[in-house]
Amino acid sequence: MEVVRLRVNGDERACGVPAHYTLLEALRYGLGLTGSKQGCDKGDCGACTVIVDGRAVLSCITPVWEAEGKDVRTVEGLANGTETHPVQDEFDLNGAAQCGFCTPGILCSSVALLDRNPSPTRDEIRAALAGNLCRCTGYAKIYDAVEAAADRLGG
Amino acid sequence: MLRLPPFRYHRPGTVEEAVSLLHEHGPDAMPIAGGTDLMPNMKHRLFTPAHVVSLNGIGAMRGIGVSGATLRIGALETLHDISTNPLVRGHFPGLATAAGQVAGPQLRNMGTIGGNVCLDTRCTYYNQTEFWRGALGYCLKKDGDICHVTRVGRKCVAAHSADTPPNLIALGASLTLTGPTDTREIDAADFFITDGIWNTRRASDEILTEMRIPLMGPVSNGRGGDRDNGRLRPNARGVHRRSAYRKLRQRNSIDFPLLSVAVVGDFEQDGTVAGLTGVVSALGARPRILAGWDEIALGERLGPESIEALAERARAQCRPLDNIIVDAEWRRAMVPVQVRRALEELAGGRDDEPQSRNG
């Protein structure tokens, strides 16, 4: 075991991990942050997406050491205290989640997009979410929710 | 759940330190940058290095900028940054398109162009869990002695599956490799070999640090361009270079290519072809530079007839194998289709505009 220091959702955290842990394993099994999901666990499905230094990345294939000294945001850190992030709110209002397994990753991809581009076109939303698989919704309501969130953030 | 095998993680700050770690630990060490190829492969137990050497702390391997008559791209630049960089998009739209079509957005935020160039070859019978591979008795490329693709072959035919190298080859790029004793440059066209097990000329203790792409150099016939006060301009006879990239895949995201086509053409002001190079990949272990195009295209305009002839010439020399799960006959039938589309883009495109995102 070694000690890795991570800045997760604004908190400085330290946890003991084996040297070969991924960022996802450190989040889930070291820090108890089980929002980021372990899906395919090999970089295909996007369920483990987190935001590192402003960019959406796949935590299941990120060696934990590459996250040291960087700003890590997970789905647990999107809400402001008890106030949900507009993207979370609009996912609820638009019925953009069904089984919910892909939702944390899609929320992170969406927030990374909106932080960079506050008023994306439908095509830009589709492109930003092209690395997140959802087997339930067919995506239409997800795109609706991100559009609605963009409207709220811009308005 | 796929666990990584145990390893020690090294984070050197310079190329020299990284090379010396790779050299010291020999086959027990592997370099990692974005990790988007190595991490899944390690989870599948295709590689089990005891030492993993991260290149991400090496600032000298970053940056995109004009250097002499070339564009220098540091190997650590991410595929996202390559695909959006104004210099790359302006000069090499085919390369920008290819980088923007690698996998999905998260993987492009992580994966680097150096890693894409050094991407391990892929095969239906190789990119599987150890359990899956073991059930089939393993294969030539890893742990076994039979090729499930060719049945009888003694040579691994896993497919070169990276998107950027066909463009780098067609653009006449050179790659810089640093090893324990020296630094060498190698043409992208000479970097790949027809060995699916290890398909590049990079030694295991060498690091690909950067690449240089001529801003307006010879394509296939040795005619070059001139530079004026550091700015690219058409050469004295007004020759303009264009490039395009086509990628065949099942979905418009995430997937590796089933077939990829990069074309680079130099055009006279009147639209006739002064040089034309086509590179096709996702067939065998190395990208294929298409032969016999000059005699069809040189001095001609790219019209329906010449494009059809070029596409047919491409089809005749490309034979996809059953190394990718999608039907090889269909992939072969798609060779002339994708080549034709790439050439049509080249014929209709402007000199400074990347092709649309996908299609």
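# A tour of chains A and B

Begin by selecting strand S2 (residues 29-32) of chain B together with S3(B), for these two run parallel and are joined by four bridges; strands here are DSSP runs of E with at least two residues, helices are runs of H or I with at least four residues, both numbered from the N terminus, and two strands pair if DSSP finds at least two bridges between them. This is a predicted model, in which local features need pLDDT of at least 70 and side-chain atom pairs count only at pLDDT 80 or more, while totals for chains, interfaces and linings use all residues. Residues are numbered from 1 along each chain as its sequence is written, and chains are lettered from A and ligands numbered from 1 in the order in which they are written.

Staying with this pair, pick Ala29(B), whose bridge partner in S3(B) is His51(B). Then follow the chain from S2(B) through helix H2 (residues 38-43) of chain B to S3(B), a β-α-β crossover that is right-handed, meaning that, with the strands pointing away from the viewer, the path from the first strand over the helix to the second runs clockwise. Next add strand S1 (residues 8-10) of chain B, which pairs with strand S3 (residues 51-54) of chain B in the parallel sense over three bridges; within this pairing, His10(B) has Val53(B) as its bridge partner.

Now move to the antiparallel sheet of chain B, an open sheet of five strands in the order S4-S5-S8-S6-S7. Its edge strands, each pairing on one side only, are strand S4 (64-67) and strand S7 (183-187) of chain B. Neighbouring strands of this sheet are turned by 25 degrees against each other on average, direction ignored. To see one pairing in detail, select strand S6 (residues 174-178) of chain B with S7(B), which pair in the antiparallel sense over five bridges, and note that the bridge partner of Ser174(B) in S7(B) is Asp187(B). Helix H1 (residues 15-25) of chain B packs on the sheet, where it touches S6 and strand S8 (207-214) of chain B, and its direction makes about 130 degrees with that of S8(B); axes are lines fitted to C-alpha atoms, for helices over the stretch in contact, and angles run from 0 to 180 degrees between N-to-C directions.

Before leaving chain B, centre the view on Glu300(B), in the loop between helix H11 (294-297) and helix H12 (304-317) of chain B. Is Glu300(B) buried or exposed? Glu300(B) is partly exposed, because 15 other C-beta atoms lie within 10 Å, where 20 or more would make a residue buried and 12 or fewer exposed, with C-beta atoms placed from the backbone. Leaving aside residues up to four places away in sequence, Glu300(B) touches Thr272(B), Val273(B) and Ser306(B), contact requiring C-beta atoms, placed from the backbone, within 7 Å.

Turn then to chain A, divided into domain 1 (2-76) and domain 2 (86-154), with bounds from an automatic or database domain assignment. The contact between these domains of chain A involves 15 residues of domain 1 and 13 residues of domain 2. On the side of domain 1 of chain A that touches domain 2, strand S3 (49-52) and strand S4 (55-58) of chain A each supply at least two residues.

Finally, display both chains: their contact takes 24 residues from chain A and 25 residues from chain B. On the chain A side, S4 and helix H4 (122-128) of chain A each supply at least two residues, and the largest share, four residues, comes from S4(A).

Technical notes: Two residues are in contact if their C-beta atoms, placed from the backbone, lie within 7 Å.
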